[in-house]
Amino acid sequence: MRYRVALLSLAIATSVASAQTQSGITFKVRTQLRNHPVPEKSKPDSARIRRLEMAAAARAADISTSGDAPPAGGRGNGAGGNTGVNRIMMMTGSAVKGNHRMDVTGIVGDGQTELTASQWALFTDTTTTVIDDVQHMYWPRVFDIGSILAFTGQVDAQNSRVGTLNVS
Amino acid sequence: MKMEYGLKQQREDSLKDLAVTRVTSDYWVVNLPVNFENRFAGIGRPRRQLPDSLRAEWAKMLDLYKELDKGTIVKFTAAGIIGENASTATEYTRTMEMTEIKEAPVDLAVFKVPAEFTLRPPQGRGRGGSNP
């Protein structure tokens, strides 16, 4: 009898050790970004401004001559060059309460997706961590995706240039 | 949701109009057995306080967020233009969709960074380190 009890206890312990599972969900994710420049809605700066700029540059060599393009390319909205992009990323995911994870399974495009083919991401309710299986490294990350985050990034910027906002 | 915002031109002496970003976004929210904030749906909040002139409009956004919090964003589409009136205006569409969602037991070990992996030193740019 003692022998049977011992065997039963061992079986339960082995089961617990090998299966630290929790009820959750699995899923697949597909993201896509397509963009292209629209010259007809662009406005290169006026000749007058250019003349002023050149005159100012002549007076002070250290004057800033940075352009006036919005920070569209830097936060994932994707003004990624002059010819436009078409980026697709496929992932598998799993989630339990408080944690989820997404693993890249395929990338189409120029490779400038939020994750590369060797990376996966871990999420808690408040954090995002990217893990790279090739570099054997991990780091915290914010996925800068879409115009809302582009807007909040502008609000948070040192020299915020947000002038108007309309939401409906 | 429709959102439009204008950025002042970088040069203070510029005579041009604000550089305008205009987007229409749609979200599909499902109450799943396990819900989470889908970071590929582009939801965020500014860390700094908004100027008084923008707070009423931002409050509308927060009302939308209450709807999004009722489950998980399983599909998202956005289309619009970035930087109209700026040097390079760009039209874009962005989509995200979750499919094949199934209830399943999940091994908790998959949510741990492998022990032999090391923390990458900061790269020096960006807002990394926390979430919007």
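## Chain B and its contact with chain A

In chain B, residue B:V29 has its place in strand β2, which covers residues 19–30. The model described here is a predicted one, and the surroundings of this valine offer a way into it. B:V29 has 18 C-beta neighbours inside 10 Å and therefore counts as partly exposed, since 20 or more would be needed for a buried residue. Leaving aside residues up to four places away in sequence, B:V29 touches B:E67, B:L68, B:K70, B:G71, B:T72 and B:I73. B:I81, by contrast, lies 52 residues from B:V29 in sequence, and the C-alpha atoms of the two are 25 Å apart in space.

**Chain B as a whole**

Chain B contains 1 helix and 5 strands, and from the N terminus on these elements follow one another as β-β-α-β-β-β. Of its 132 residues, 30% count as buried, while 65% of the contacts in chain B between residues at least 6 apart in sequence join residues at least 24 apart.

The helix, α1(B), spans residues 52–68 and reaches 25 Å from its first C-alpha to its last, which is close to the 24 Å expected at 1.5 Å a residue. A kink of about 25° is nevertheless assigned to α1(B), with its centre on B:W58. The helix is hardly covered, given that the count of buried residues among its 17 residues is 1.

Two residues of chain B that are not glycine have positive phi values, B:N85 and B:E100, and they are set side by side below.

| Residue | Phi | Place | C-beta neighbours inside 10 Å | Class |
|---|---|---|---|---|
| B:N85 | about 85° | loop between β3 (72–84) and β4 of chain B | 19 | partly exposed |
| B:E100 | near 50° | strand β4 of chain B | 10 | exposed |

**The sheet and the contact between the chains**

The strands of both chains enter an open sheet of 12 strands with mixed pairing, in the order β7(A)-β1(B)-β2(B)-β3(B)-β4(B)-β1(A)-β2(A)-β3(A)-β4(A)-β5(A)-β6(A)-β5(B). Its edges are formed by β7 (162–167) of chain A and β5 (118–119) of chain B; each has a single partner strand, so one side of each is left without a neighbour in the sheet.

Where do the chains meet within this sheet? One such place is the antiparallel pairing of β1(A) with strand β4 (residues 90–107) of chain B, which are joined by 16 bridges. Within this pairing, A:T31 has B:M96 as its bridge partner in β4(B). Inside chain A, strand β4 (residues 119–124) pairs with strand β5 (residues 128–132) in the antiparallel sense over 5 bridges, and here A:L122 stands opposite A:T129 of β5(A).

The contact as a whole takes 77 residues from chain A and 81 residues from chain B. On the side of chain A that touches chain B, strand β1 (residues 21–37) gives the most, with 17 residues. By class, this side of chain A has 33 nonpolar, 32 polar and 12 charged residues.

**The nonpolar core**

In soluble globular proteins, nonpolar side chains tend to be buried together. The largest nonpolar core of this model has 49 residues, of which A:V29, A:V162, B:F40 and B:A41 touch the most other members. Helix α3 (residues 146–156) of chain A supplies the largest share of this core, 5 residues. Not counting residues up to four places away in sequence, B:F40 touches A:V29, A:T31, A:F143, A:I145 and B:M96, and the last of these is also the bridge partner of A:T31.

Terms used: Residues numbered from 1 in each chain as written. Chains lettered and ligands numbered in written order. Predicted model: local features only at pLDDT ≥ 70, side-chain atom pairs only at ≥ 80, totals over all residues. Helix = DSSP H or I, 4+ residues; strand = E, 2+ residues; numbered from the N terminus. Buried ≥ 20, exposed ≤ 12 C-beta atoms within 10 Å, placed from the backbone. Contact = placed C-beta atoms within 7 Å. Nonpolar A, V, L, I, M, F, W, Y, C, P; charged D, E, K, R; others polar. Pairing = 2+ DSSP bridges. Core = buried A, V, L, I, M, F, W, Y, C linked by C-beta atoms within 7 Å. Expected span 1.5 Å × (residues − 1). Bend = angle between axes of the 7 residues up to and from the residue.
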